[in-house]
Amino acid sequence: MALNVALYGRDRNSWSMTERGEGDLVRTQNSMQIGSSSIVYVDGGLEIVFDETALPWPGHRLMPSRMSGRIRLEPQIQNDRVFDLDPEGHHIWWPVFPRARVRVESNHLPKGGWQGEAYHDFNFGDRVLEEDFEHWDWARGPSGDQATTILYDAVLRSGTRRTLGVVFSKEMEERHFAPPDRQRLPVGSWGVKGGIACDPGGTPRLSMKLEDAPFYRRSLVETMVHGDQLAMVHETLDCNRLANPVVRMMLPFRMPRRARR
């Protein structure tokens, strides 16, 4: 298991994901500790304390360093419903806090931290992703002052396509809609192809690259969905590439192992 911490800035990025063994894991009903980092549900929100090794980022730093801090999530919208991502229910998705406020403090952030818009979800599966999926795109962004819009577009190994459009708001339960057709985004540096729903006649725009890996991309994307202009966090996962043995050999460079049994 591992706690992944990724901090992005215009002048500096910091990233950590150290794989640990079961001897480094402590769990209770409302908390989980992995090594010296912890996640706790308390006072209706989520408290994350991290103390990890930041790995070298190309063009930014040459040596690993300690990355520590605290994240506090306060939900504005809460959701108790879970969604099946495949027909057999092997993989589920739970958008716990579709919209929240966050306060972040870290020694790797300018002026020590920031506060703003946030989101918290949960994925679980009893099989590895690459066994059931070929690829998927996911995106989330605030819509108006009181709502958030989420898009899923996945292709399963069976060839079945699973698309999902849902709006969460304070005033009502989630509202489902059929997303417009998917349009392609620029191909990543490693050749990973992604896309996002966009109204006919519109063109989605990739405004900032956050992660660009051999099988995964994370970006900030602007798109139009049923007349609403949305600024969204967007992710693409290529499960065919994830299953590739060559890509597997590359994972330890970004996921060092510090297992304690």
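**Figure 1. Overall fold of the chain, with three helices and 21 strands.** The model shown is predicted. The chain has 261 residues and a radius of gyration of 19 Å, which agrees with the value near 18 Å for a compact globule of that length. Along the principal axes, the C-alpha atoms fill a box of roughly 50 × 45 × 40 Å. Buried residues make up 44% of the 261. The accessible surface comes to about 14400 Å², and carbon and sulfur atoms account for 52% of that area. Of the contacts between residues at least 6 apart in sequence, 50% join residues at least 24 apart.

**Figure 2. Close-up of the aromatic pair W94 and F122.** The structure holds six aromatic pairs. In the pair shown here, the ring centres of W94 and F122 lie 6.3 Å apart and the planes meet at 70°, so the arrangement is edge-to-face. The pair links distant parts of the chain, since W94 belongs to strand β10 (residues 91-106) and F122 to strand β11 (residues 113-125), 28 residues apart. W94 has a relative accessible area of 28% and is therefore partly exposed. F122 also counts as partly exposed, because its relative accessibility is 40%, and the limits for this class are 20% and 50%.

**Figure 3. Close-up of the aromatic pair W136 and Y152.** The centres of these two rings are 5.6 Å apart and their planes stand at 80°, so W136 and Y152 form an edge-to-face pair. Distant parts of the chain are linked by the pair: W136 lies in strand β12 (residues 133-143) and Y152 in strand β13 (residues 147-156), with their positions 16 residues apart in sequence. W136 and Y152 are both buried. The two residues are also members of a cluster, linked by ring pairs, that includes F83, W93 and F133.

**Figure 4. Close-up of F124 and the residues in contact with it.** F124 is located in strand β11. With a relative accessible area of 47%, F124 is partly exposed. Leaving aside residues up to four places away in sequence, F124 touches H90, H91 and I92. D80 is 44 residues from F124 along the chain, and the C-alpha atoms of the two are separated by 15 Å.

**Figure 5. Close-up of W15 in strand β2.** Strand β2 covers residues 14-17 and contains W15. The relative accessible area of W15 is 8%, so this residue is buried, the cut-off for that class being under 20%. E52 is 37 residues from W15 in sequence, and the C-alpha to C-alpha distance between W15 and E52 is 9.2 Å.

**Figure 6. Close-up of a nonpolar surface patch made by W190, V246 and M250.** The patch has an area of about 280 Å². One of its members, V246, lies in helix α3, which spans residues 245-254. V246 counts as exposed because its relative accessibility is 54%, and the cut-off for exposed residues is over 50%.

Notes:
Residues are numbered from 1 along each chain as its sequence is written. This is a predicted model: local features need pLDDT of at least 70, side-chain atom pairs count only at pLDDT 80 or more; totals for chains, interfaces and linings use all residues. Side-chain values use heavy atoms; hydrogens and water are left out. Patches are made of residues with over 30% relative accessible area and no salt bridge: like charges are joined within 9 Å, nonpolar side chains (Val, Leu, Ile, Met, Phe, Trp, Tyr) within 5 Å. Accessible areas come from the Shrake-Rupley method with a 1.4 Å probe; for residues, only the protein chains shown count as cover. A salt bridge is a side-chain nitrogen of Lys or Arg within 4 Å of a carboxyl oxygen of Asp or Glu. Helices (H or I, at least four residues) and strands (E, at least two) are DSSP runs, numbered from the N terminus. Buried means under 20% relative accessible area, exposed over 50%, partly exposed in between (1.4 Å probe, protein chains only). The radius of gyration is taken over C-alpha atoms; the globule rule is 2.2 Å times the number of residues to the power 0.38. Contact means heavy atoms within 4.5 Å. Rings of Phe, Tyr and Trp (its six-membered ring) pair if their centres lie within 6.5 Å; planes under 30 degrees apart count as stacked, over 60 as edge-to-face and the rest as tilted.
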